[in-house]
Structures are given as structure tokens and as C-alpha cells.
Amino acid sequence: MTDSSIEYAAVFQALPGMVALLTPELMYADANEEFIRVSGRSREQLIGRYLFDVFPDNPNDPAATGMRNLEASLHRVLATGERDAMALQRYDVEDPERPGEWHERYWSPVNAPLVGPDGKVVLILHRVEEVTELIRARGRSGGNRGSRARVLEAELYTRARELQELNDRLRQAHSREREVALALQEAMLPDRRQVSHHHRAAVRYRPAVGALNVCGDWYDLVDLVGGHRVGVSVGDVVGHGLEAAGVMGQLRSALSAASRVAEGPAQALDVLGRYAHVVEGAESATAVTTFIDFDRQAITYSSAGHPPPVLVHADGRTELLDGATDTPLDARPDPIPRPQADTSYAPGATLVLYTDGLIERRGEDIDTGLGRLADALARNRDQDPEALADTVLLELLPHGGATDDTALVIVRL
């Protein structure tokens, strides 16, 4: 079905709530069937008539303010071009069959502008929630409760409806931002096929499910100058969405460049820490980097507040590379040289770097998650890196999806 085949006039009439269209002069231009039914006015009594001629304030009640409040709301919409949701209002409505007889009614209006090509408001969409029966029902069941309490209950009811609609719009906006942020991150991270071809490695990224904190995790593999050496890093930026994705890209690129000229991983993180100090949004970011020397069969590593890499030896023994752990990247106003450490391996070993989404669980000690990871790696160490990466994610991530995003790098040595 195309837009041209939809009869919007019929859709307007069939809307389940009370909806009317008002001109800038506050004349009724149209009203749907529900508005006509609930208001007790015929179409002829509404269309082309001035709103407050049809529904004036009760002249017998000097305290009546409902219609004056509505008029003020409508003029705000005309002046600002912005939607105006009113608090619950009491209106005394004259009985069309019995002139001079007034009935107490409770309506909750929302007024929204319809803007023309010139940017001016050409119509006002006037939507009304009729809650009179709810007020009366609460009054019958409330016994000694006052009218003020009943009005507040009805107000909570109508505002809950408004909040639900707002939340729906926020979820849609977040979903669009999340898709853009994930696409941006995918474009900035190294290609999986290129990584696997050059380094017998596997990389994975899994975004959080139904959470805001996505797109802050990253990984990188870079060929180093001098001998058969590779730099492997992972990091985590605090934040979410496009901002975190942008900061992630800056830090990953900076570390990649620093690693190519640094004497070791500690010096690379020193440079990255100074850079993070001037990058807005890099506060509390963490990273760990390892320099693998395949000729010497040695790994040099340094960590800036990040969970330790795991080295799985060919015989199944696991080693946490936690001998050079320091503060997060931007933790010190005046950085001091970071520590680094070395370890050796035999051919067939496996190096694993990851972010905290893989091991951390709410209410659980981090050592439990580290033990779970070490066990999964030792049991499945004979799998090739691609299969091992899938197995680790399957065993460690919750079946319903993780609440934090996860990056994983596996290198066969």
C-alpha cells in the first residue's frame, strides 16, 4: 500500500481518541467521530464555530478556569510552533439539550501545531483525553478521599499515557543512533578477514543487547617495525552511542600509530595516555597492549586499568598477564612511565585479549569470570582461532545477550 492509496480523511475520523482541528483563529476546521460523540455536539454545532462560543466557561462559577487555560495553551502553540501538553482540567460543559444546565467534566488536552511550507502554524491538532468517568469512579470507591486526590489520580493516569508515548519516541531515536554508531564502529575497526589472513587470529565484537552502553569497546592488530613482530591491543571507552564510537576511533588510531614507533607497549600507552588527556570523552578509558615477537617467542605487555590478557600454553596451562597493570589512560594529570612485563611461550600457545563484558557479571567477583574464561580456553585450546572465538562467546556470554558490549581477540602463536 502506498501513501497515495491511504484515505487520511477516513483515518482521521476513525481515530480512537477525541481529536479536532482548529484554525489559527481557533475555529473548528474538523472533528473526528469520537470528538463529536463524547463532546455531545453535532458536526454542525462545531465546524466553522469559534471554540469558546461552543464551549464557554461556566458563567455561574467565577472560579472556572478550564477554558481560559485552554486558550492560553492554544496561543502558546501558535506563538512558539511547539507542542503543548496541558495538565488535567476541569470543564463545566453546558447541556446542548438543556440550556443553562452545566455538567462537570474532566479533560486532559494536548495541542500540537501543523506547520505549513512557510514555517507558520496553519492548523492546531487538539487531542483530548476524557477522564470524567474515571474521576467519578474514583469518587464512588474512594469514600473519604477528597476531590483533590481524585484529580491527582486521574492526572497520573493521563500523564502515564504521555510518558509512554515519549518513551516510545526515545526508544526509536536511540535505535537509530545505535545503528549509526555500530556502523561507524564497524567501519573503524580492522577487517576480520584481513586480521585472520595475516596473523592466524580471530576477532569478534558483540554489542550489548537492549542497553545504552554500546560502541565503546575496540581492538587492533598492527605489524611492528623490526623482525616478525605484531602489536595486539584492546580497549574500552566509557560512554555510549556515537560519542563513544568517535572517541574509540581516536584512541585506537592513536595507539596504532604510537605502537609502530614505540620501544615497547608501556611507552605506547604513555603516549596514548597523554593523548587521552586532551580528548573529551576519554576519561576513565582503559587499554591493554601486547607486543608479540614471533622470532624470540616472547610477549611484552602493559595494561592501563584493563583486565589481563590470558596466555594459554600448548599443554593447557593458563597464565594471566597481570604483571604490568597500571591506572586507566587519563587517571594522572602528570603521567609517569607505565610498567611493562615479559613472558615466553612455546609454539601452539594462544593469546587472548578481551574487554570486561566477556567476564563481568552483576553481583559476581571478577575472579569468578576470569576463572570461567581460563577454563573455557583450556578445554577448547585445540580449536582453530575462529572456532575458539565462537565457542568462548557461546559459553561465556549470557544466552539472552550481554548487558555490556564485548571485544575479543584470539591469536595462535
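Tutor: Before we start, a definition: a residue is buried when its relative accessible area is under 20%, exposed when over 50%, and partly exposed in between. Keep in mind that this is a predicted model.

Student: Okay, which residues of H5 are buried?

Tutor: H5 is the helix spanning residues 66-80. With the cut-off of under 20% in hand, its buried residues turn out to be Gly66, Met67, Leu70, Ser73, Leu74 and Val77.

Student: How wide an arc do they cover around the axis of H5?

Tutor: Those buried residues sit on the same side of H5, because the arc they cover is only 120°. What covers them includes H4 and strands E1, E3, E4, E5 and E6. So, for the arc around the axis, the value is 120°.

Student: How far does H5 reach from its first C-alpha to its last?

Tutor: The helix has 15 residues, and at 1.5 Å a residue the expected span is 21 Å. Just after H5 comes Gly81, with a positive phi near 70°. The reach in the model is close to what is expected, namely 21 Å.

Student: Moving on to charges, what does Arg68 of H5 pair with?

Tutor: Arg68 is partly exposed at 45% relative accessible area, and its partner is also partly exposed, at 25%. The partner lies in the loop between helix H4 (51-54) and H5, 11 residues apart from Arg68. The two side chains meet in a salt bridge at 3.5 Å, N to O, and the partner is Asp57.

Student: Which residue does Arg37 form a salt bridge with?

Tutor: Look in helix H2 (residues 33-39), where both partners lie three residues apart, about one turn of the helix. Arg37 counts as exposed because its relative accessibility is 57%, whereas the partner, at 23%, counts as partly exposed. The closest N and O atoms are 2.8 Å apart, and the partner is Glu34.

Student: And is Asp220, which bridges to Arg252, buried or exposed?

Tutor: Asp220 lies in strand E8 (residues 217-223) and Arg252 in helix H9 (residues 241-261), so the salt bridge ties together parts that are 32 residues apart in sequence. The closest N and O atoms are 3.0 Å apart. Arg252 has 13% relative accessibility and counts as buried. Asp220 has a relative accessible area of 6%, so the word for it is buried.

Student: How many salt bridges does the count come to?

Tutor: The rule takes a side-chain nitrogen of Lys or Arg within 4 Å of a carboxyl oxygen of Asp or Glu. There is also a network of salt bridges linking Arg204, Glu386 and Asp390. The count comes to 13.

Student: Which residue's backbone nitrogen does the side chain of Thr355 reach?

Tutor: Thr355 is in the loop between strand E16 (350-354) and helix H11 (366-379), and at 0% relative accessibility it counts as buried. Not counting residues up to four places away in sequence, it touches several residues, including Asp217, Val234, His306 and Asp405. At 2.8 Å, its side chain reaches the backbone nitrogen of Ala407.

Student: Zooming out, what share of the protein's residues count as buried?

Tutor: The secondary structure comes to 12 helices and 17 strands. Among contacts with a separation of 6 or more, 60% are between residues 24 or more positions apart. The protein exposes about 20,600 Å², with carbon and sulfur atoms supplying 52% of that. Of the 413 residues, the buried share is 46%.

How values were computed. Residues numbered from 1 in each chain as written. Predicted model: local features only at pLDDT ≥ 70, side-chain atom pairs only at ≥ 80, totals over all residues. Heavy atoms only, no water. Helix = DSSP H or I, 4+ residues; strand = E, 2+ residues; numbered from the N terminus. Buried < 20%, exposed > 50% of the residue type's maximum accessible area, 1.4 Å probe, protein only. Expected span 1.5 Å × (residues − 1). Arc of directions from axis to C-beta. Contact = heavy atoms within 4.5 Å. Areas by Shrake-Rupley, 256 points an atom, 1.4 Å probe, with all protein chains shown as cover. Polar contact = N/O pair within 3.5 Å; in protein donor to acceptor, adjacent residues only side chain to side chain.
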